[in-house]
Amino acid sequence: MSKIKSFEELKQLRKKVLTHMDIREKGDHIEELVEVRVAMATCGIAAGAREVMNIFVNKIADQGLNNIVVTQTDCMGYCYAEPTVEVRVPGKEPVVFGKVDEEKIQKIIDQYIKKGELLDGVIPMTHKEMED
Amino acid sequence: MSKYKMHVLVCGGTGCISSESEKIVKNIQECLIQHKLEEEVQVVQTGCFGFCEKGPIVKVLPDNTFYVQVKPDDAIEIVEEHIVKGRKVDRLLYKDPGSKKAIEDSKHMDFYKKQMRIALRNCGFVNPNNIEEYIARNGYYALGKVLTEMTPEQVIDEIKKSGLRGRGGGGFPTGLKWEFSRKSKSDKKYVVCNADEGDPGAFMDRSILEGDPHSIVEAMAICGYAIGADEGKVYIRAEYPLAIQRLQKAMNDAEEYGFLGDHILGTDFSFHIEIRYGAGAFVCGEETALIHSMEGERGEPTIKPPFPSESGFWGKPTNVNNVETFANIPIILLKGADWFRKIGTKKSPGTKVFALAGKINNVGLIEVPMGTTLREVIFDIGGGIKDGKKFKAVQTGGPSGGCLTEKDLDTPIDFDTLVEKGSMMGSGGMIVMDEDDCMPSVAKFYLEFTEEESCGKCTPCRIGTKRLSELLKKITSGQGTEAHLQELRRLSVVIKETALCGLGQTAPNPVLSTLNNFEEEYIAHVKDHQCPAGQCTALLQYKIDPETCVGCTVCARVCPVNAITGERKKPHSIDQKICIKCGSCYDRCPTHAIEKR
């Protein structure tokens, strides 16, 4: 590391390292963010959930969408439609999408998250969560 | 965006390290490699999370899962279940003591809900050994701003406007102290960080140095610029090896990045820091004694004035601030004095870190806005008293402070209200006592501490604390008289008025405050020769209730001095002349027929 020689250089370095803390900063106010939960049970992983998660993370980073955070969850029970993801927009009911692939991920981001439009492949919620 | 998808934070504070948290880090890393996830999940060793009661803590982000009391062997389950399959490990989650329900997210824990973290903002959040994580959290930005956009006078003005008061205990306005140091004319000035944390039960300064050492380095450099000093010293006790190690690493990295050394950030300002070790004497927390100790002299205080801001280290103007005070500086300059003033109370803006200890459910380190009530701290954040017992008192301010009782629970805490109530803020140690604690014994404990820590320079402190502790020994061993109580009061007042430094002047506080709040307990000791809390062994009597005793003979068999006699299946009795009050019978009686009074 060469010495930082001005306030400007410090600002540049800060911009560069800011992403190191991205996940922690997001976790700090997760309730205000759009949360994308990828189902990561054995069936999900076998159907490609890990790739789905990677694509999500990369697309969000490429497009600089700071209001989205990707987490994982376990089997939601929709094994026929794996990989599945649940998208939680603050203030709205969670929505589950099935048979997610790269194309669909783009649609989820562009149509549902950005514009609030639903798209094909939404799995109707068949259960209530315990705390509800 | 980093390539990592998840962060696993593992507490690396001294407490959690002694519960093998370093092994947890290693096991998680190894397990991640087995699952080829080391590129996707970052494991970070952080500073103290504050929830020491349930350490070691492991936190998974971004979903904020908070695991408690994790063992090294649990690492595999955390990785295979949570990280690979997205299933939270239920048995390691924190259970709400009221509802017994597992809480997944640290934000819903009562312990964190009412806290506001300013001084501890980075503790448990960043890796203290990684300067870039500190920079990402706006680290050294305040230093950059100060050096390029503000004059030293403007910096002092901002700190004065913020109303920040010294967090070491005195509560002296920090900005004013800086101004005095600035105005002293000299060719050489020093900035000293007082990290000689000595109150029994207080560990906030250690935790800040362990969890966020860069904030102290940055604040000291800012202070140097403000008062016109080019050298800083950190006076720290040698018993804090981890804090020393992390601070040293932070200083080295800061120098490498150009935040310390000559021509910082290309300006004309130069600043160097050096660590000085203390041997752990309580009196060396007093600033004049601290300076003498740094000079290689005996750690003894001298009369003020002259204040260190006029004549301190090697006779040069020296600005001494406590660790927690420094930790507040960078963020005040980043967010402005007005932001800071809005937090806390009018006369004591900002927050205060407290170390909760004693008979409280959530032992740990917390930070709350000034003006929070004792009830909120002890019952909401601290989770109330252990084992459902009754709250009796809380000692604030350590050996220099006093105890507060039930009637003070709704007092908003700040520097001035605590003094009004006969105690003091001190460095923020809070020792909670329940119905089983005997107040004369508590006073005796603190007096034995100050007696031992008295440097011996002035007579009131050297001999006075010894006499006080002797009187308390008499009272708690059943040899006390009512005249002793008057003597306790008289002597306490004399010591307070005549001792040389803060140590002696405040040493009688635990005696006076327990006498004022629990006089009837003292009277019971000297008049009836009884200890209502059942703690003073010499005053106890064990008696067998003949109604409840079934004559099982267990007590007679466990008694080491054969003081218990009785026939089988008939009530037994204890010969008080032989009984040595060891309590063995009391602990073993299956029908709880033995009373302790």
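**Buried sites and overall architecture of chains A and B**

Leu539(B) is a buried residue, its relative accessible area being 7%. The structure described here is a predicted model. Within chain B, Leu539(B) belongs to the loop that runs between helix 22 (519–526) and strand 16 (542–544). When neighbours within four places in sequence are set aside, the residues in contact with Leu539(B) are Ile475(B), Thr476(B), Ser477(B), Gly478(B), His525(B), His529(B), Gln530(B), Cys531(B) and Arg597(B). Glu470(B), by comparison, stands 69 residues from Leu539(B) in sequence, and the C-alpha atoms of the two residues are 17 Å apart in space.

A second buried position in chain B is Ser513(B), for which the relative accessible area is 6%; because the cut-off for burial is under 20% relative accessible area, Ser513(B) falls within the buried class. Ser513(B) is part of helix 21, which covers residues 509–517 of chain B. With residues up to four places away in sequence not counted, Ser513(B) touches Gly402(B), Cys403(B) and Gly422(B). The burial extends to other residues of helix 21 of chain B: Asn509(B), Pro510(B), Val511(B), Leu512(B), Thr514(B) and Leu515(B) are buried along with Ser513(B). Since 7 of the 9 residues of helix 21 of chain B are buried, this helix is largely enclosed by the rest of the structure.

At the level of the whole chain, the secondary structure of chain B consists of 24 helices and 19 strands. Chain B has a radius of gyration of 27 Å, close to the 25 Å given by the globule rule for 597 residues, and is therefore as compact as a globular protein of that length. Taken along the principal axes, the box filled by the C-alpha atoms of chain B is roughly 90 × 65 × 40 Å. Buried residues make up 60% of the 597 residues of chain B. Of the contacts in chain B that link residues at least 6 apart in sequence, 69% are between residues at least 24 apart.

The domain assignment divides chain B into domain 1 (6–108), domain 2 (131–340), domain 3 (351–434), domain 4 (439–526) and domain 5 (541–596). The centres of domain 4 of chain B and domain 5 of chain B, taken over C-alpha atoms, are separated by 37 Å. The surface exposed by chain B amounts to about 23,500 Å², with carbon and sulfur atoms supplying 49% of this area. Chain B carries 76 positive and 82 negative side chains, and a distance of 4 Å lies between the centres of the two sets.

Chain A contains 5 helices and 5 strands. Read from the N terminus, the order of elements in chain A is α-α-β-α-α-β-β-β-α-β. The C-alpha trace of chain A extends over about 60 × 30 × 25 Å along its principal axes. Of the 132 residues in chain A, 46% are counted as buried. Among the contacts in chain A between residues at least 6 apart in sequence, those joining residues at least 24 apart account for 61%. The accessible surface of chain A is about 6,900 Å², and carbon and sulfur atoms contribute 50% of this surface. Charged side chains in chain A number 19 positive and 23 negative, with the centres of the two sets 7 Å apart.

Notes:
Residues numbered from 1 in each chain as written. Chains lettered and ligands numbered in written order. Predicted model: local features only at pLDDT ≥ 70, side-chain atom pairs only at ≥ 80, totals over all residues. Heavy atoms only, no water. Helix = DSSP H or I, 4+ residues; strand = E, 2+ residues; numbered from the N terminus. Rg over C-alpha atoms; globule rule 2.2 N^0.38 Å. Buried < 20%, exposed > 50% of the residue type's maximum accessible area, 1.4 Å probe, protein only. Contact = heavy atoms within 4.5 Å. Areas by Shrake-Rupley, 256 points an atom, 1.4 Å probe, with all protein chains shown as cover. Lys, Arg positive; Asp, Glu negative; His and termini not counted. Charge placed at Lys NZ, Arg CZ, Asp CG, Glu CD. Domains from an automatic or database assignment.
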